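I opened the model today to look up how some helices and strands sit together. My notes follow.

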Amino acid sequence: MSRDKSSPQSSSLSPGSRLTTDDPRLRELVASALAEAKQQGASSAEAAVSVSQGLVVGVRLGEVETIEHTRDRGLGVTVYFGSRSGSASTTDFSPAALRDSVRAACAIARHTAEDACAGLADPERLAKVIPDLDLHHPWNPATEQAIAIARECEDAARALDSRIANSEGASLSTHEGLEVYGNTHGFLGSVAASRHNLSVSVIAQDESGMQRDYWYTVARAPGGLEDSAAVGREAARRAVKRLGGRKLATRRCPVVYEAPVASSLLSHLVSAVRGGALYRQASFLLDHLGKQVFAPFVRIHEQPHLQRALGSAAFDSEGVATAARDLVRDGVLLGYVLDSYSGRKLKLPTTGNAGGVHNLTLDPGPDDPGLNHAGAGLAGLLRRMGTGLLVTELIGFGVNIVSGDYSRGAAGFWVENGELQYPVEEITVAGNLGDMFRAIAAVGSDVDTRGNLRTGSILIENMTVAGS
Amino acid sequence: MLDIAKKTLLEPAELGTRELERLFAALTAARIDYADLYFQHSRSESWSLEEGIVKSGSHNIEAGVGVRAVAGEKQGFAYSDEIGLPALLEAATAARAIAHAGAGGESRVTSHELRITDHGSRITALYAPLDPLASLPDDAKVRLLERVERAARAQDPRVKQVMASLAGVHEVVLVARADGMIAADVRPLVRLNVTVIVEQNGRRETGSHGGGGRFTYAYFTDPVAEGFAREAVRQALVNLEAVDAPAGTMTVVLGPGWPGILLHEAIGHGLEGDFNRKGTSAFAGRLGEKVAAEGITVVDDGTLPERRGSLNVDDEGTPTQKTVLIENGILKGYMQDTLNARLMGVAPTGNGRRESYAHLPMPRMTNTYMLAGGHDPAEIIASVDKGLYAVNFGGGQVDITSGKFVFSASEAYLIEKGKITRPVKGATLVGNGPDVLTRVSMIGNDLQLDPGVGTCGKEGQSVPVGVGQPTLKIDGLTVGGTQS
């Protein structure tokens, strides 16, 4: 522990301290962990340290319900003895805990097997330049201000309609964090980021029963949040619209996934083209590289360097530089989602996706001559569908990535001539993901940018809807 | 247990009764009704095998204190991952601010004198306070996983991939409440899982099995571990033959054990105290009403020895109990933590749980199951002309307000003219919580609890739970297949 002696207790963040964008103490802690690993005989090592803090305020029926002050920290280290590895993590930043964690990781590495693909990312792939992606906009609102915002949001929801009978409350949360990653190839990078979120969930009630729905806004900078009253009104509108939901008779029909639930289809795509699923032969998209997976109009691409976006990152969780790329172009699968390990297993270079994808975006399309651009949002998609099901909520886990079999609980609306007819619930939508991807007929321009998977509403031509 | 907890959590930080009293004095300002400190030290590890070798392992330590002050319905909360007086005093100051966030009454907490009550020693411990991580040398953990892999591959040449993982947790908790009560618990938890992929003529299918509970790795003897592997392979091979599942409403027979996830989703969440106090559950205000067919009794029981969902005391220090939720079809009770019990004017039921010191407790299930009925399972199958027999499930989810729930089968068969015929692909079953149990027409005599791998998520917090049930026949459940 050669470097530790010169950096004793200073490695722990004292309570109450503000985060800075590039905390030298965290860099020093990463360096200490790597030095300790070398000291204990590791041939290489990587370490990550994170600290974050935040405030979460909950208001229900106009009254404060919870005030939570969050403050988290963690240190994780992975050591390599040749091609054997072990990992450990701790929430204690003391030199003794750091030493113990490295020791625990080394003890594990003595028992794991030789694995030729294991190890750090190749040095030439590590990020050399780290662009500023403008992700850190701390807020630190006074508690009373946070309460006022949440209350305004919930008040607007409750005032919208007399059928809003109850509430699960509104919540404002604000977080900022700093993460430092380093490895023994000499990489040391840090990212400071913030995230602010306002959400509300209300209950509408009439003689048919109760229905709950919610809405939220999320942004890196407080100024990026939607108006709080508008968020409340949207939640209330959605809850009221669901009143009187019925079952549908079992049928085959086209289905539109509303943008907020359509992103789940992108997440299934990612699960199926992840390196881990491919080298285990656990994916219905095995050996589909270069093949037609979607209709020819479909383009799905990664945008890791979007300013202020929620999925942006300059380097992935093993220090590899991220880059914009097309995952699917003209409906053809052009790449996989790989980290260094799964890349080596598949004899392909890493795609900079250790830890996941970055702002994966399904572009709207195709251009429909019958509709002007403004009409290509959800309403345009429904007109194009004519008669079918609009899905606004999915529940359950009925997705099998190995076979592609898909069957999930759903709620939404029955649509005729492009117009909502009545709410439906207690139904399932089912198909096979391979068929569903090929049957995507249109993607709306109503792109939901509130997450890392970005898409507008999606029209799928033919699915089985099970009900009564 | 209190001694172990004090040695682990309080003594290293030089926290004695005097320091705790000082903390409560700082925490219980005017208008505070209740306050507690939750000390936790958790060590966990996991080992995983794939492609025939144990490739990775990890060791994790999580320690900290959650500090909570309650005023009426309002909760102030802060936590610290440093267990020490200065950090705790700061957290207490932050949590106490809840008292000023809106109007409130007089303080009802008058005493700051701690009267130590060790619930842990007043009841028979439900599990031994052992450290699973130390219960087996590391090389034996690796050999155990290798044995699972060999057993799976030996079972059938169509097995192409075997993934197995072994995980253990040693958790020590201590709850100190402003009313003077101190309780502690030492909670071992282990789990062994195996997933296989089989292939035949280019078609690939999976099967999974696993088990565990609150004991050490000694539970995973060779026959137990090899049994998990064989069961995973059996399920995967069944799925190789499966045809598309039917779509529509039909009679569904659920097998015993893990299919009890039905109870967890369809009624369990809806009977948690917080949703009922707030009136947001489809079951709110229905105590005493008939919500299930005659003969149906459902309990939540945190006192089953060594079960995954069991606790000696919950995360607020309340001893766990067996709570009757539905008795002979009638809704009898809700599951409560201290906050919701106080606000509803009932007694806590030992269901106050939290994921960790960094989360607020709330009413959560422990082990939720239905008592056995009188029918032979074979007689139940024989009574169905056309329907679905579902015996293994993935996960489930519920909308507690509308009552609509789903759970997804991973092994199911068609029933035709009283006989189990072809296996069908996993389908999602969807239903309505408040009425699904009224459609139960036969209850088996074969109550089983699940093997011990369930994890429940609520408001972003995960906790280990158990479920169980006998074979059940439900008239009219929607099956979400593709064959209409």
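Which residues of α2(B) meet which residues of α3(B)? I noted Glu19(B), Arg22(B), Leu23(B), Ala26(B) and Leu27(B) in α2(B), which meet Leu85(B), Leu88(B), Leu89(B), Ala92(B), Ala95(B) and Arg96(B) in α3(B). Contact means heavy atoms within 4.5 Å. By class, I have 8 nonpolar, no polar and 3 charged residues here. Ala, Val, Leu, Ile, Met, Phe, Trp, Tyr, Cys and Pro count as nonpolar, Asp, Glu, Lys and Arg as charged, and the others, Gly among them, as polar.

Ground rules: this is a predicted model, where local features need pLDDT of at least 70 and side-chain atom pairs count only at pLDDT 80 or more, while totals for chains, interfaces and linings use all residues. Residues are numbered from 1 along each chain as its sequence is written, chains are lettered from A and ligands numbered from 1 in the order in which they are written, and side-chain values use heavy atoms, leaving out hydrogens and water.

**Helix pairs**

Helices (H or I, at least four residues) and strands (E, at least two) are DSSP runs, numbered from the N terminus. I looked up α2 (residues 17–27) and α3 (residues 85–96) of chain B: they pack at about 25 degrees, with axes 8 Å apart. Axes are lines fitted to C-alpha atoms, for helices over the stretch in contact, and angles run from 0 to 180 degrees between N-to-C directions. Therefore α2(B) and α3(B) are roughly parallel (an angle under 35 degrees).

In chain A, I checked α3 (residues 143–160) and α4 (residues 228–241). Their axes come within 7 Å and cross at roughly 40 degrees. By class, this contact has 8 nonpolar, 2 polar and 3 charged residues.

**The sheet in chain B**

I traced an open sheet of 6 strands with mixed pairing, in the order β10-β9-β8-β13-β22-β19 (chain B). Two strands pair if DSSP finds at least two bridges between them. The edge strands are β10 (330–331) and β19 (448–449) of chain B, each pairing on one side only.

I then followed β22(B). Strand β13 (residues 367–370) and strand β22 (residues 466–469) of chain B pair in the parallel sense over 3 bridges. Asn367(B) has Gly466(B) as its bridge partner, and Tyr369(B) stands opposite Gly468(B). β19(B) pairs with β22(B) in the antiparallel sense over 2 bridges.

Which way do the residues of β22(B) point? Gly466(B) and Gly468(B) point one way, Val467(B) and Gln469(B) the other, and all are buried (under 20% relative accessible area, 1.4 Å probe, protein chains only).

Technical notes
Parallel < 35°, antiparallel > 145°, perpendicular 65-115°, else oblique. Buried < 20%, exposed > 50% of the residue type's maximum accessible area, 1.4 Å probe, protein only.
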